Amino acid sequence: ENTLDTKLFPWLADHRLGDAAVFPAAGFLELALAAGRLWRGGEGGLELSDLGISRPLMLSGRRGRRVRVAVSPDTGRLRVESRGILSGGDWTRHCQADVRALGCPEPAPLDVARPGAFGPELDAAALYPLAARLGLHYGPAFQTVRQAWLRQGPEGEELLARLAGGAGTPEGLLTPPALVDGAFQSLFLLLDRQGASGPRQA
């Protein structure tokens with residue numbers, strides 16, 4: 001168990017839906033992998049599957065939330081739950097997933113040494129104003145998309161984004177939520193293209 005609070009972790013306040021701070025979906029990925037590593041004794045790779053978010057974890061308010069992550073020792077089924085600090089009430093489930101030892105070789109890394117091979121560079125500066133128009137507000141800690149390129153792949157358009165750590169984000173995480181969230185954010189650039197030229201497969 002631990003406490004999540006925008007006063008204890010100010011960088012989380014930079015991920016907002018409207019006026020409310022919301023724990024990022026990428027944060028659940030970090031919690032799940034960290035719990036899985038503890039469960040497995042820190043040995044070997046992990047495979048995470050069937051991750052689903054059933055309810056957002058809101059962080060706005062004077063008090064934070066008490067959060068716990070539990071893993072079934074028999075099945076590897078994992079759940080993330082929270083409740084108000086000192087409330088003594090029922091726990092609310094936010095996320096569930098299956099975690100197990102990695103059962104296949106790790107995939108080869110994508111060669112991104114030549115981003116120019118991806119074709120035209122997109123206007124990454126347009127991303128955050130576009131997100132704001134949709135009600136998604138990213139402060140400095142979550143403004144991680146620096147550049148983006150597009151190319152036509154065998155199954156549709158492929159996007160490559162160059163990310164950089166946001167201001168004030170912690171180090172030493174398995175999957176830094178601000179960077180993973182940045183990968184999700186880059187998809188808004190495809191939505192912007194669709195809005196300008198009509199629907200297309202991606």
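Okay, so let's start with E30, which sits in helix α1. Keep in mind that this is a predicted model. Is E30 buried or exposed? It's buried, and yet it has no salt bridge. The nearest side chain of opposite charge belongs to R37, and that is 8.3 Å away. A salt bridge here needs a nitrogen and an oxygen within 4 Å, so R37 doesn't count as a partner for E30.

So what does E30 touch, once we skip its neighbours within four places in sequence? The contacts are L173, L174, T175, P176 and P177.

Hang on to P177, since we'll meet it again in helix α3, which covers residues 177-185. Which residues of α3 are buried? They are P177, A178, D181, G182 and Q185. Why do they end up on the same side of α3? Because they cover an arc of only 140 degrees around the axis. If you want the background, an α-helix has 3.6 residues a turn, so residues three or four places apart point the same way.

Now back to helix α1, residues 25-39. This helix lies across four strands, β4, β5, β6 and β7, and it runs at about 140 degrees to β4.

Those strands bring us to the sheet. It's an open sheet of 5 strands, in the order β1-β5-β6-β7-β4, and the pairing is antiparallel. On the edges you find β1 (2-4) and β4 (46-53), each pairing on one side only. On average, neighbouring strands of this sheet are turned by 30 degrees against each other, ignoring direction.

Let's walk through some of the pairs. Take β5, residues 65-71, and β6, residues 77-84: they pair antiparallel over 7 bridges. They also form a hairpin, with 5 residues between the two strands. In that turn, look for G76, which has a positive phi of about 75 degrees.

Next door, β6 pairs with β7, residues 92-101, again in the antiparallel sense, over 6 bridges. Here's a nice residue to follow: E81 in β6. On the β5 pairing, E81 is the bridge partner of R68. And which residue of β7 does E81 stand opposite? That's R93.

Finally, β7 pairs with β4, antiparallel once more, over 6 bridges. If you want one spot to click on there, try G52, whose bridge partner in β7 is Q96. As for what links strands like these, strands of a sheet pair through backbone hydrogen bonds, either parallel or antiparallel.

Terms used:
Residues numbered from 1 in each chain as written. Predicted model: local features only at pLDDT ≥ 70, side-chain atom pairs only at ≥ 80, totals over all residues. Heavy atoms only, no water. Buried < 20%, exposed > 50% of the residue type's maximum accessible area, 1.4 Å probe, protein only. Arc of directions from axis to C-beta. Pairing = 2+ DSSP bridges. Axes fitted to C-alpha atoms, helices over the stretch in contact; angles between N-to-C directions. Contact = heavy atoms within 4.5 Å. Lys, Arg positive; Asp, Glu negative; His and termini not counted.
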